[in-house]
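Here are my notes on the model you passed along. I've kept them as separate points so you can go through them with the structure open.

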Amino acid sequence: MVTPSKKSKAPVCRLRPYALLQACALWTLFCLALWALHDGNHIKLFQPTRPKPVQNNSSSIISAFDMGISDEEWERLQKAIDWPIPDQEITRLDQSTSPVHSTFSIVGLKESYKVGENIYVTITARDHNKNLKRYGGDFFKAKLFNLELKASVYGEVVDHRNGTYSVALLLPWEGQAQVSVRLEHSSEVVQILKKYRDSSFPRSHYNGYFEGPGLNKTRISEVVECNLKWGADGSWRKGDCCCEYKDIRTGTVWQCERPKELSCDKLVHHSYGHLESPLNHFEQQLFTKNLTNIAISGDKNIINVLPNTASIGTMEKCRSGMTTPVPAGFYLKDVWKSFVCNTRQFSPAQMGYCLKNKIVYLMGDSTTRQWFEYLERNVPGIKRMDLHTPPANGPLMAVELENNIIIHWRPHSVPVRFMAKIRQSVVALLSRAPETTVIIKSANTAGLKNIYQSDWHMLQLDTVMREMFRDIDGVIFLDVWQMTSCHYLREHIHPGPVIIANEVNMFLSYVSPTCSLFKLILFHKENGKLTWAREG
């Protein structure tokens with residue numbers, strides 16, 4: 001929910017994202033919001049989950065119609081996330097793609113290149129018996145890097161569906177570079193991920209807490225298992241087993257086992273329970289660490305990149321309606337250089353200037369809490385308020401009185417791990433408040449590569465987000481997938497500080513584009529006299 005401060009005459013704008021559990025999604029996704037007080041502008045940033053269509057079995061979750069998208073849009077979404085998988089399940093481990101025997105090569109390697117040129121890489125997949133794979137579906141990641149320069153750029157892998165793959169890698173910096181290719185998941189693992197994503201197996205469970213009066217003025221407390229109901233016939237519990245709590249706006253049903261003593265209206269809160277793996281013994285072997293997220297061998301030649309008189313990049317001001325190219329940018333000396341628009345690095349003083357008279361709402365998971373903590377550390381004079389809440393779970397609040405800056409963070413609503421129907425809410429918001437700007441923060445790569453948290457799932461979610469919001473005027477897409485995929489830091493569900501800094505700087509470039517160009521005049525006392533200096 002977003003509300004203006006008492007100083008603002010802007011209309012109240014409310015957006016309430018609701019939770020929807022899907023068999024495919026175990027990701028902590030989030031939304032962020034910012035209200036600009038001084039000029040009545042609305043800026044909202046959301047990261048929604050992947051919507052799911054009607055299944056071809058009785059365990060349907062939600063229909064395309066219920067999600068508010070047309071048949072044509074639904075077909076477009078299906079095409080966007082299409083991923084080749086084996087036409088049958090393998091029966092032996094040695095039939096799967098091997099990270100040891102799969103290789104990559106640079107096509108037509110030259111002695112030198114110029115900045116702005118491309119190199120081309122071919123990836124060849126083989127099984128554990130060194131046999132060429134005859135089908136695609138492997139999940140490879142590719143990048144160009146230079147550790148000394150702290151430089152890297154993302155490369156998109158194209159699947160030719162015959163066991164070979166190709167990558168075009170831009171050469172955006174002067175100096176030397178090398179290619180890196182990793183096998184994140186074999187096609188056989190992707191087949192498993194897709195199978196359980198599309199199933200009704202509840203991999204995540206929750207606890208519901210009921211409290212109420214008992215006999216002789218005593219208090220009764222009961223804890224039962226809860227989850228989301230996936231459809232009329234797709235419940236995780238059958239029959240008249242449960243208490244049901246339906247959200248009238250989304251139709252989502254939260255379901256708890258019926259307490260033995262208390263009535264259904266005595267539910268007071270819920271918490272995360274446990275994970276449950278659907279994998280059998282053979283499937284578990286395919287997910288082992290020595291087969292997952294492994295660098296494959298290939299050309300380790302040093303690529304020499306010479307300067308070029310023609311410049312690369314853009315000086316265009318950050319705004320809505322801009323497309324995200326591949327690559328979306330690159331790192332050089334740990335600074336992200338965007339190809340989307342003219343982003344910049346903000347000093348603490350500049351952050352304070354850009355956020356002056358604004359309230360920032362960060363609603364979501366722990367990666368949005370990272371943004372809160374970054375701003376808390378870097379905005380001059382900002383102090384965290386003691387709300388007597390857990391620091392990990394929030395809600396949290398920080399205030400800077402001199403410049404009238406308020407920053408909130410809170411986890412998104414029940415259940416903590418799932419969100420949906422964001423598109424409908426965004427469309428409704430833009431309809432009633434067309435001056436609002438919506439910013440979609442993309443998915444980021446994660447450290448774990450298992451049945452619960454896989455970058456393949458996240459990439460699918462990311463693809464759907466792009467497709468669902470690409471035709472909505474006033475929506476900005478903030479791509480951090482490439483930023484986390486190509487960086488030298490070890491991938492983690494919580495990106496490292498240098499990545500978070502670059503994400504927030506890119507966000508600020510969109511929040512107030514003039515901040516990315518201004519020369520800030522700083523006044524300070526020196527020898528008892530008021531003087532000034534420029535920064536920016």
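The points below go from the overall chain to pockets, salt bridges and a few single residues.

1. First, a reminder that this is a predicted model. The protein chain has 536 residues, and 53% of them count as buried. In secondary structure terms, you're looking at nine helices and 28 strands.

2. The contacts are worth a glance before zooming in. Taking contacts between residues at least 6 apart in sequence, 72% join residues at least 24 apart. As for the outside, the accessible surface comes to about 24,800 Å², and carbon and sulfur atoms account for 51% of that.

3. Now the largest pocket, which has a volume of about 1,200 Å³. It is lined by 46 residues, and the closest to the centre are Glu156, Val326, Thr463, Arg466 and Glu467. Which element gives the most to the lining of this pocket? That's helix 7, with seven residues. Strand 6, strand 7, strand 8, strand 26 and helix 8 are also among the elements that each supply at least two lining residues. If you want to find them quickly, helix 7 covers 455-469, strand 8 covers 157-159, and helix 8 covers 481-485.

4. Glu467 deserves its own point, since it turns up again outside the pocket list. Its side chain meets that of Arg76 in a salt bridge, at 3.0 Å from N to O. Arg76 sits in helix 1 (residues 71-80) and Glu467 in helix 7, so this pair ties together parts that are 391 residues apart in sequence. Is Glu467 buried or exposed? With a relative accessible area of 14%, Glu467 is buried, because the cut-off for that label is under 20%.

5. A second salt bridge to look at is Lys141 with Glu491, where the closest N and O atoms are 2.9 Å apart. This one also links distant parts of the chain: Lys141 is in strand 6, Glu491 is in the loop between helix 8 and helix 9, and they are 350 residues apart. Both Lys141 and Glu491 are buried.

6. For a contrast in sequence position, try Arg197 and Asp198, whose side chains meet in a salt bridge at 3.0 Å, N to O. Arg197 is buried at 4% relative accessibility, whereas Asp198 counts as partly exposed at 21%. Salt bridges with shared partners also build a network, made up of Lys141, Arg182, Glu184, Lys449, Asp455 and Glu491. Over the whole structure, the search finds 23 salt bridges.

7. His487 is a good residue to centre the view on. It lies in the loop between helix 8 and helix 9 (497-511), and at 3% relative accessible area His487 is buried. What is His487 in contact with, leaving aside neighbours within four places in sequence? The list is Lys143, Ser152, Tyr331, Asp334, Val498 and Ile499. Ile499 is twelve residues from His487 in sequence, and the two C-alpha atoms are 8.0 Å apart.

8. On the surface, have a look at the nonpolar patch formed by Leu147, Tyr488 and Leu489, which together have about 270 Å² of accessible area. Leu147 is found in the loop between strand 6 (139-146) and strand 7 (151-155). Its relative accessible area is 58%, and Leu147 is called exposed because that label starts at over 50%.

9. Back inside, the search of the whole structure finds five cavities of 30 Å³ or more. The second largest cavity has a volume of about 50 Å³. Its lining consists of Thr324, Ala328, Trp336, Ser338, Val340, Phe477, Leu478, Asp479, Met506 and Tyr510. Strand 20 (335-338), strand 26 and helix 9 each supply at least two of the residues in that lining.

10. Last one: Gln191, in helix 2 (residues 187-197). At 11% relative accessibility, Gln191 counts as buried. Not counting residues up to four places away in sequence, Gln191 touches Ile85, Pro86, Gln88 and Glu89.

Key. Residues are numbered from 1 along each chain as its sequence is written. This is a predicted model: local features need pLDDT of at least 70, side-chain atom pairs count only at pLDDT 80 or more; totals for chains, interfaces and linings use all residues. Side-chain values use heavy atoms; hydrogens and water are left out. Helices (H or I, at least four residues) and strands (E, at least two) are DSSP runs, numbered from the N terminus. Buried means under 20% relative accessible area, exposed over 50%, partly exposed in between (1.4 Å probe, protein chains only). Contact means heavy atoms within 4.5 Å. Accessible areas come from the Shrake-Rupley method with a 1.4 Å probe; for residues, only the protein chains shown count as cover. Patches are made of residues with over 30% relative accessible area and no salt bridge: like charges are joined within 9 Å, nonpolar side chains (Val, Leu, Ile, Met, Phe, Trp, Tyr) within 5 Å. A salt bridge is a side-chain nitrogen of Lys or Arg within 4 Å of a carboxyl oxygen of Asp or Glu. On a 1 Å grid over the protein atoms alone, a cavity is a set of points where a 1.4 Å probe fits but cannot get out, and a pocket is an open set with protein on both sides within 12 Å along at least five of seven lines; lining residues have an atom within 4 Å of a point. Grid points are joined across faces, edges and corners, and a volume is the space filled by probe spheres set on the points.
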